[in-house]
Amino acid sequence: MLGRDRDTTSDGHHTADGFAAFFARKVEDVRASTAGHLTPVGHVLGCTCRMSSFRPCSQAEVRRTIMKSPVKSCSLDPVPTFLLREFVDSLLPFVTCMVNASLRQGRLPKSQCHAIVVPVLKKPGLNTADMANFRPVSNVTFMSKVVERVVAKQLHEYLAINDLLPRNQSACRRHYSTETAMLRVISDALSEADEQKVTLLASLDMTAAFDCVDHSLLLMRLQWNFGL
């Protein structure tokens, strides 16, 4: 009734190879447009704390992460998620071993490095003949999500304990959201209006923002500014 079973991924002329080439070319074009610009220089060591490795997880931590995760499965999973949760106590020693091996080696097993990429319309009703109206959604394995959640938890604890998170950051942060970001913007605008000052708001909507992140620059920033 909601139309969720309706095929909106293709109008009959698109192919999987075509979508793959289009999405890859989109990122390549964005990178090419900034290739001639100078890279940021002059990074100064911003913190004295250090996090050089992840700590091993206990079986209780891994079990808690599994049970709190959404019950979603990927066709790449060897067993459905609900089955893993049903027999979690029997499988926990093996799952914990894999999670800790990933943390120790700093990488996922090759079996967990694949994803099913599906092109999804950005908004209902858009022209399906135009590939630019689609965005790629990756469906990854459940175990890769478990490792990701464990890593995110340890990183967030490190950043919070050492007070490294920007005060006004609202994204990817507990007890913060788009609502807190809007409240801060509105509060600043009203405060300036009380002082009879003009407020100018500039918003940036970057295409393929996460896909276009420069990995070497990101790693350099994490090392120099956050001690990772």
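Me: Which residues make the nonpolar surface patch of about 650 Å²?

Reply: In this predicted model, the patch is made by V71, V79, F82, L83, F87, L91 and F94. Two elements, α3 (81-86) and α4 (88-105), each give two or more residues to the nonpolar patch.

Me: Where does V79 lie, and does V79 count as buried, partly exposed or exposed?

Reply: V79 lies in the loop between α2 (59-68) and α3. Buried means under 20% relative accessible area and exposed means over 50%, with partly exposed in between, so V79, at 36% relative accessibility, counts as partly exposed.

Me: Turning to the interior, which residues of the largest nonpolar core touch the most other members?

Reply: A nonpolar core is a set of buried residues of the nonpolar kinds, joined through side-chain atoms within 4.5 Å. Here the largest such core has 15 residues, and V62, I66, V95, V99 and M143 touch the most other members. At least two residues of this core come from each of α2, α4 and α5 (142-161), and α5 gives the most, with 6 residues.

Me: What does I66 touch, if residues up to four places away in sequence are not counted?

Reply: With those sequence neighbours set aside, I66 touches R85, V88, V95, F142 and V146. Apart from the largest core, there is also a second, separate core of 7 residues, which includes C47, L159, L164 and L165.

Me: How many helices and strands does the protein chain have, and in what order do the elements run?

Reply: The secondary structure comes to 7 helices and 2 strands, and from the N terminus on the elements run α-α-α-α-β-β-α-α-α.

Me: Why is the protein chain described as more spread out than a compact globule?

Reply: The comparison rests on the radius of gyration, taken over C-alpha atoms, and on a globule rule that depends on the number of residues. For 228 residues that rule gives 17 Å, whereas the radius of gyration of the protein chain is 22 Å, well over that value, so the chain is more spread out than a compact globule. Along the principal axes, its C-alpha atoms fill a box of roughly 65 × 55 × 40 Å.

Me: What share of the residues counts as buried, and what share of the accessible surface belongs to carbon and sulfur atoms?

Reply: Of the 228 residues of the protein chain, 23% count as buried. The accessible surface comes to about 16,900 Å², and carbon and sulfur atoms account for 59% of that area.

Me: How much of the contact network joins residues 24 or more positions apart?

Reply: Among contacts in the protein chain with a separation of 6 or more, 68% are between residues 24 or more positions apart.

Notes. Residues numbered from 1 in each chain as written. Predicted model: local features only at pLDDT ≥ 70, side-chain atom pairs only at ≥ 80, totals over all residues. Heavy atoms only, no water. Patch = residues over 30% accessible without salt bridge, like charges linked within 9 Å, V, L, I, M, F, W, Y side chains within 5 Å. Areas by Shrake-Rupley, 256 points an atom, 1.4 Å probe, with all protein chains shown as cover. Salt bridge = Lys/Arg side-chain N within 4 Å of Asp/Glu carboxyl O. Helix = DSSP H or I, 4+ residues; strand = E, 2+ residues; numbered from the N terminus. Buried < 20%, exposed > 50% of the residue type's maximum accessible area, 1.4 Å probe, protein only. Contact = heavy atoms within 4.5 Å. Rg over C-alpha atoms; globule rule 2.2 N^0.38 Å.
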